[in-house]
Amino acid sequence: MERKKSSDHKESEYYKGLKLQWRRDYWTWEKVYELKRKVPDGGVQILCGKIMGKLAKGIPLIGNDIMYLDRISKNH
C-alpha cells in the first residue's frame with residue numbers, strides 16, 4: 001500500500017476557513033501599528049494606516065489585506 005504524499009492531500013473548505021479566521025484574528029490594530037512603525041517605506045505605511053482604519057471601525061479584513069500583511073512582515 002502506497003502512502004499519500006502531502007501534496008496529494010487537499011484541504012477542506014472548512015479547514016481553509018478556520019485558518020483564514022485565525023489569521024484575521026492574528027492581525028490586531030496594535031500588531032499592524034508595530035509593523036507600520038518598523039517599515040521605513042512610505043507606501044507601506046499608508047496602506048497599513050488604511051488597514052488600521054478598517055480594524056478600528058470593526059470591518060473584517062479580506063484575504064488580500066491578510067496576504068499583504070503577511071508578505072510585509074516576512075520581508076521586514
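Which residues are exposed on the other side of α3? The points below take up this matter together with the aromatic pairs, the salt bridge and helix α4.

1. The model under review is predicted. On the side of α3 opposite its buried residues, the exposed positions are Ile 46, Lys 50, Ala 56 and Lys 57.

2. The buried set of α3 consists of Val 44, Cys 48, Ile 51 and Met 52. These residues lie on the same side of α3, because the arc they cover around the axis is only 105°. Their packing partners are α2 and α4.

3. Helix α3 spans residues 42–57. Its 16 residues extend 23 Å between the first C-alpha and the last, which is close to the 22 Å expected at 1.5 Å a residue. At the start of the helix, Asp 41 places a side-chain oxygen within 3.4 Å of the backbone nitrogen of Gly 43. After α3 comes Gly 58, with a positive phi near 85°.

4. Helix α4 covers residues 63–75. With 13 residues, α4 reaches 19 Å from first to last C-alpha, close to an expected 18 Å at 1.5 Å a residue. Asp 65, Ile 66, Tyr 68, Leu 69 and Ile 72 are its buried residues. They share the same side of α4, since their arc around the axis is only 160°. Exposed on the other side of this helix are Asn 64, Arg 71, Lys 74 and Asn 75.

5. One salt bridge is present in the structure. It joins the side chains of Asp 65 and Lys 54, with an N to O distance of 2.7 Å. The pair links distant parts of the chain, for Asp 65 belongs to α4 and Lys 54 to α3, 11 residues apart.

6. The two partners of the salt bridge may be considered separately. Why does Asp 65 count as buried? Its relative accessibility is 12%, and the cut-off for a buried residue is under 20%. Lys 54, by contrast, has a relative accessible area of 25% and is therefore partly exposed. When residues up to four places away in sequence are not counted, Asp 65 touches Ile 51 and Lys 54. Of these contacts, Ile 51 is among the buried residues of α3.

7. There are two aromatic pairs in the structure. One of them, formed by Tyr 26 and Trp 27, is edge-to-face, with 5.2 Å from centre to centre and 80° between the planes. Trp 27 is buried at a relative accessible area of 6%, while Tyr 26 is partly exposed at 36%.

8. Why is the pair of Trp 29 and Tyr 33 described as stacked? The ring planes of Trp 29 and Tyr 33 stand at 5°, with the centres 5.4 Å apart, so the arrangement is a stacked one. Planes under 30 degrees apart meet the cut-off for stacking.

9. Both members of the stacked pair belong to helix α2, residues 29–38. Because Trp 29 and Tyr 33 are four residues apart in that helix, about one helical turn separates them. Trp 29 is partly exposed, with a relative accessibility of 37%. Tyr 33 also counts as partly exposed, at 34%.

Conventions
Residues numbered from 1 in each chain as written. Predicted model: local features only at pLDDT ≥ 70, side-chain atom pairs only at ≥ 80, totals over all residues. Heavy atoms only, no water. Phe/Tyr/Trp six-rings, centres within 6.5 Å; stacked < 30°, edge-to-face > 60°. Buried < 20%, exposed > 50% of the residue type's maximum accessible area, 1.4 Å probe, protein only. Helix = DSSP H or I, 4+ residues; strand = E, 2+ residues; numbered from the N terminus. Salt bridge = Lys/Arg side-chain N within 4 Å of Asp/Glu carboxyl O. Expected span 1.5 Å × (residues − 1). Arc of directions from axis to C-beta. Contact = heavy atoms within 4.5 Å. Polar contact = N/O pair within 3.5 Å; in protein donor to acceptor, adjacent residues only side chain to side chain.
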